[in-house]
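Please look over the sequence and the 3D structure shown here. The briefing after them describes the fold and its pockets.

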Amino acid sequence: MRMVTPANMRDIEDESERLGVSKKQLMENAGKKLAELIDGYCNGDNEKKIVFLVGNGNNGGDCSVSAGILADMEYKNISMVMVCGTPKTELAKEMYNRVVGCVNIPADFQTCISEADILIDGVFGTGFHGELDTKISDIFALNKNAYRIAVDVSSGGNSHTGTVSEGTFRADETLTFGFLKSGMSQYPLKDFCGKITVADIGIPEKAIDILKDRRKYTLIEREDFADFPPHRKSTSHKGIFGKVLIIAGSNSMRGAGFFAVSGALRSGAGLVQLATVGKCIDTVSVLAPESTFIEMSHDENGFMRFEPEKLDLKKYNAVVIGCGMGVTPETFELTKFVVENSEIPVIIDADGINCIALDIDILLKKKTDIILTPHVGEMARLMKCTTKEISENRFLIAEKLAEKYDITVVLKGAGTVVADRNNTAVNLTGNAGMSRGGSGDILAGMIGAIAGQGYIAFRSACIGTYMHGLAGDIASEKFTQEAMLPRDILNCLSDSFRKIK
């Protein structure tokens, strides 16, 4: 599904007008869609008390159109609370003047709001940023028992970044127009929007061409990778499906090696080889005997030594490095060696990312596609900033890193962001039950297996995050979010594949 930023949407509307569909027509179409939604919720009960919270811009104009249509449908209790005073834009003024004699404009707005059955937020549109005035946030806090609908986006939310102001309108449902806005895929704003419906308001298909040379935003959906998984013919053999090298684990983090290896094996890789210390091999060889091993020597703390002579990178189709590896001078050199010498896709996770953070410009010496899979803390270390700054600017920071080093970045978390030089995608599969050590190791192995089967870096990351989250959702249904474990994600990958097929 295509997503747009607020700036994208403004340009699309301008282009729409140039192509013959005016902003007035778009507003009338939006108001009609809103009226249809409200009418559907009322289910024929025209006695319900409907209250629009109306701003002074075009978002308020949508509400005026909707109120007028509902009045024509003989709804008897329609009120418009002018939260920001009289309309300011010409379009909003025109729509307000059409309807002002047909609906109630209450003097006692608090009583009016408190008695509403349906409360519609049309105060601010997608251009809002900053903080709400406390008088407005106090209005939003009134009558939490009404069915609450947001127009385009919940007022107080930043529809680009997904951040929210204190007191943002909390909707049960949001009707957004034309396209999903990027920030509505991110938390906390997604929570404030409730159920999100995208309404077609008649934007010409060609209007989207105005964005053809700009970064493309999408929501990852199954339809985006119809060619995955690759077809297995009767004559297929293991060499067709890629050989993946995983450099992971240590004496004290053996499970990381197991999870990365198993993620790759469960995602279709033909051969998976783990380079790790002896104790980790002892563990993984029992839990995942399908893998093979390269034994690395270790230091006094059980972390791998730098032994590049043991790693013939040309034998593989993809390499994963970092899970449970530890951060030492020698694992740093190991990470640097892989980045500077690999000619196959490299997936860097966990301690591999922490090693990169010691000298991020190592990435400038890469010879191949690199996929970084940081969580918020690892991203903060990479970018030398706080986790708060990362959380408030997920798109911007992932895109900045991807562009500067020409890599693919998978910024994990609720609403995982995948970015490369030209594209940004968001994954919405997955759940809070996956917030356990080991889940990310599985994802790294999965992306390694997908890249090893010949998919380009950005698509490998998108497919991997989608499938990983889908398996997590299946696991949560079986075991609950509280009781599910990363091993359950692994065991549900087969259900995940079955479901997408």
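The points below go from the whole chain to its sheets and then to its pockets. The model is predicted. The chain holds 17 helices and 18 strands, and 57% of its 501 residues are buried. Two open sheets are described, one of six strands and one of 12 strands.

**The chain as a whole**

- Measured out along its principal axes, the C-alpha trace spans about 85 × 50 × 45 Å.
- Among contacts in the chain with a separation of 6 or more, 71% join residues that are 24 or more positions apart.

**The sheet of six strands**

- This open sheet runs in the order 3-2-4-5-6-8, and its pairing is parallel.
- Strand 3 (78-82) and strand 8 (195-199) are the edge strands, and each of them pairs on one side only.
- On average, neighbouring strands of this sheet are turned by 20 degrees against each other, if direction is ignored.
- Within the sheet order, strand 5 is followed by strand 6. Strand 5 covers residues 147-151 and strand 6 covers residues 173-177, and the two pair in the parallel sense over three bridges.
- Alanine 150 has threonine 174, in strand 6, standing opposite.

**The sheet of 12 strands**

- The order of this open sheet is 7-1-9-18-17-16-15-14-13-10-11-12, and its pairing is mixed.
- Strand 7 (180-181) and strand 12 (292-296) each have a single partner strand, so one side of each is left without a neighbour in the sheet.
- Strand 10 (residues 243-247) pairs with strand 13 (residues 318-321) in the parallel sense, over four bridges.
- Valine 244 stands opposite alanine 318, which belongs to strand 13.
- Helix 15 packs on this sheet and touches strand 10, strand 13, strand 14 (346-348), strand 15 (370-372) and strand 16 (408-411).
- The direction of helix 15 makes about 165 degrees with that of strand 13.

**The largest pocket**

- The space in the largest pocket comes to about 820 Å³.
- Its lining consists of 33 residues, and those nearest the centre are Gly413, Ala414, Thr416, Asn431 and Met434.
- Two elements give two or more residues to this lining: helix 15 (439-452) and helix 16 (457-479).
- Helix 15 gives the most, with four residues. Helix 15 is also the helix described above as packing on the sheet of 12 strands.
- Sorted by class, the lining has 16 polar, 10 nonpolar and seven charged residues.

**The second largest pocket**

- The volume of the second largest pocket is about 570 Å³.
- 25 residues line this pocket, and Glu13, Asn58, Asn59, Thr126 and Asp152 are the closest to its centre.
- At least two lining residues come from each of helix 1 (6-18), helix 2 (23-42) and helix 3 (58-72).
- Helix 1 gives the most to the lining of the second largest pocket, with five residues.
- The lining divides into 11 nonpolar, seven polar and seven charged residues.

**Points to check on the structure**

- Which helix gives the most to the lining of the largest pocket? That is helix 15, with four residues.
- Which strands stand at the edges of the sheet of 12 strands? They are strand 7 and strand 12.

Conventions:
Residues numbered from 1 in each chain as written. Predicted model: local features only at pLDDT ≥ 70, side-chain atom pairs only at ≥ 80, totals over all residues. Heavy atoms only, no water. 1 Å grid on protein atoms, 1.4 Å probe; cavity = no way out; pocket = protein on both sides within 12 Å on 5 of 7 lines; lining within 4 Å. Points joined across faces, edges and corners; volume = space filled by probe spheres on them. Nonpolar A, V, L, I, M, F, W, Y, C, P; charged D, E, K, R; others polar. Pairing = 2+ DSSP bridges. Axes fitted to C-alpha atoms, helices over the stretch in contact; angles between N-to-C directions. Contact = heavy atoms within 4.5 Å. Buried < 20%, exposed > 50% of the residue type's maximum accessible area, 1.4 Å probe, protein only.
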